[in-house]
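Hi,

Here is the structure I promised to pass on. Have a look at it first, and my notes follow underneath.

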Amino acid sequence: MNHKRNFIFLLGFLTILLPPAVTCRPNIAASSTVRPTSEEHPSSSHRLTPAQQHSGELLAYLLKVVLGRAGQLKSREDWRVRAADEPLDFNHIVKVMRNPEKNQLDFMVLDPDILDLSQVLFHYDEKLSLYKGDYGVTSVYPAPEILALRLFLLKKINSGEKMDLDVFMQRERNLHDKGYQPSSEDLAATGLSKTEMAFLRDIFLSEPALYRYLTYPFLLKALGETGVFVSGELTESIIQAARYTPFRCKPMDFGENHDAIRIAFLPSMTKEFVYGKDAASLSRHGFKPTEFLDGIFNKLKMEILETTRETLKRKLSKPPYPKLTERRWAKLWQQLKKRDIAFYVENERPLVIYPENAAQVIGEVCPEADFTVILMGKNIYRAIFFNPLNDLYPSVNRLYMDIMDIEYHQGGEEIDAISRFICSRLMNRIGHLTETMAE
């Protein structure tokens, strides 16, 4: 791998300092145990941009990988133990990650399988990369704050200790105060040691947005699955919002036939969405697909239809089906294509879909789909473990495709599988049509 050499090379030209500590709120005494109002803390969604919200969903999955709970099986054990004995010293993590003379691998596994996933994360929030987008540079390494949060979680998981996240969030104002000294009551109530509380405060002072990520529904749900905190009423109410139901798919063509065989295209973990105030014609969710992704949607649709046409024609050319002239076959295909096959797409916002959440997300975004194609960014599949017995067609009516395989016509096996599915459904519908159209 050349990534470490690139890292050292870039550091030779750049001297990048950590951003100054930011105090987001005035100093409030530790007596802030009064429950926050719903306006103050229903979740952090209202304090994150659309791109940051999606980053929170990506980060939720990435944290599972770097804690050894997801991703390729061969890397999980390394992630489960890496840095487990390192002290909770945020400044030390920063120095190691910023200094080319230090070994960055003290705090992370050099895992090539997550490089492309990391780049997607940094695309939607460059401050989550090591260089935080300074001078237009995006690193292959994550920001020190992410590695620090991982270290905190790893230690909590290994110790079996749990923090009270409801009580912790009630002290948000204090966490943004550099001079805050937690009382023994604060520590007992949160389930944190003085060192842990100071460590988290240092993280949030360095990058205040990370606290907003921490309390974003999708990320909070992922953290809850690690068992590091005791959930309360506030935490549970936030996690309940970790749903994709507002982002429904829609037909690719005009009109909608509810009796058609419905094929859905859902984009997952891809950089192929434009966002931000300078972008024109954004969807109501704050994104729009690139021209390249729009082309991929249409290209995949046309290739599925063409393969289905060829497959169906071969099937109908054999007994017991009556022989059709080319003209009548063409007429039959046009009827089937128009009436019996429909394509749906979610093209207003990127999603994060992987085997463990696929059924839930599809049920929220496109429950009408008979078959779902999950379109992933370049090489994202490398960060995901797929169990062919449970996660792929024909065990389930969905499959995953790399968008670059579609671009370079390398998705033939997957397209064949989709067309076989469609044909299996069509064969139950067309017997009477072939009889009336036979010679």
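**The disulfide**

The link between Cys-249 and Cys-366 is right-handed, with 75 degrees about the S-S bond. Bear in mind that this is a predicted model, so the values here are computed from its atoms.

That link ties together distant parts of the chain, as the two cysteines sit 117 residues apart. Cys-249 is in the loop between α13 (233-239) and β3 (250-251), while Cys-366 is in the loop between α16 (358-365) and β8 (371-376). Their sulfur atoms are 2.1 Å apart, and the cut-off for calling a disulfide is 2.5 Å, so the pair qualifies. By that rule the count is one disulfide.

Are these cysteines buried or exposed? Cys-249 has 9% relative accessibility, and since buried means under 20%, it counts as buried. Cys-366 is buried too, at 1%. While you're looking at cysteines, Cys-423 has a relative accessible area of 0%, so that one is also buried.

**A serine in a loop**

Next, have a look at Ser-283, which lies in the loop between β5 (273-275) and β6 (287-289). Its relative accessibility is 17%, so Ser-283 counts as buried. What does its side chain reach? The partner is the backbone oxygen of Glu-348, at 2.8 Å.

**Helix α15**

I also spent some time on α15, which covers residues 326-339. At 1.5 Å a residue, its 14 residues should span 20 Å, and the end C-alpha atoms are indeed 20 Å apart, so the expected and actual spans agree.

Which residues of α15 are buried? They are Trp-329, Leu-332, Trp-333 and Leu-336. If you look down the helix axis, these buried residues fall within an arc of 100 degrees, which means they line one face of α15. Turn to the other side of the helix and you'll find Arg-327, Lys-331 and Lys-338 exposed.

**The chain as a whole**

Zooming out, the protein chain has 19 helices and nine strands. It runs to 439 residues, of which 54% count as buried. Taking contacts between residues at least 6 apart in sequence, 78% join residues at least 24 apart. The chain exposes about 20,000 Å², with carbon and sulfur atoms supplying 51% of that.

Cheers

Note on methods:
Residues numbered from 1 in each chain as written. Predicted model: local features only at pLDDT ≥ 70, side-chain atom pairs only at ≥ 80, totals over all residues. Heavy atoms only, no water. Helix = DSSP H or I, 4+ residues; strand = E, 2+ residues; numbered from the N terminus. Buried < 20%, exposed > 50% of the residue type's maximum accessible area, 1.4 Å probe, protein only. Polar contact = N/O pair within 3.5 Å; in protein donor to acceptor, adjacent residues only side chain to side chain. Expected span 1.5 Å × (residues − 1). Arc of directions from axis to C-beta. Contact = heavy atoms within 4.5 Å. Areas by Shrake-Rupley, 256 points an atom, 1.4 Å probe, with all protein chains shown as cover.
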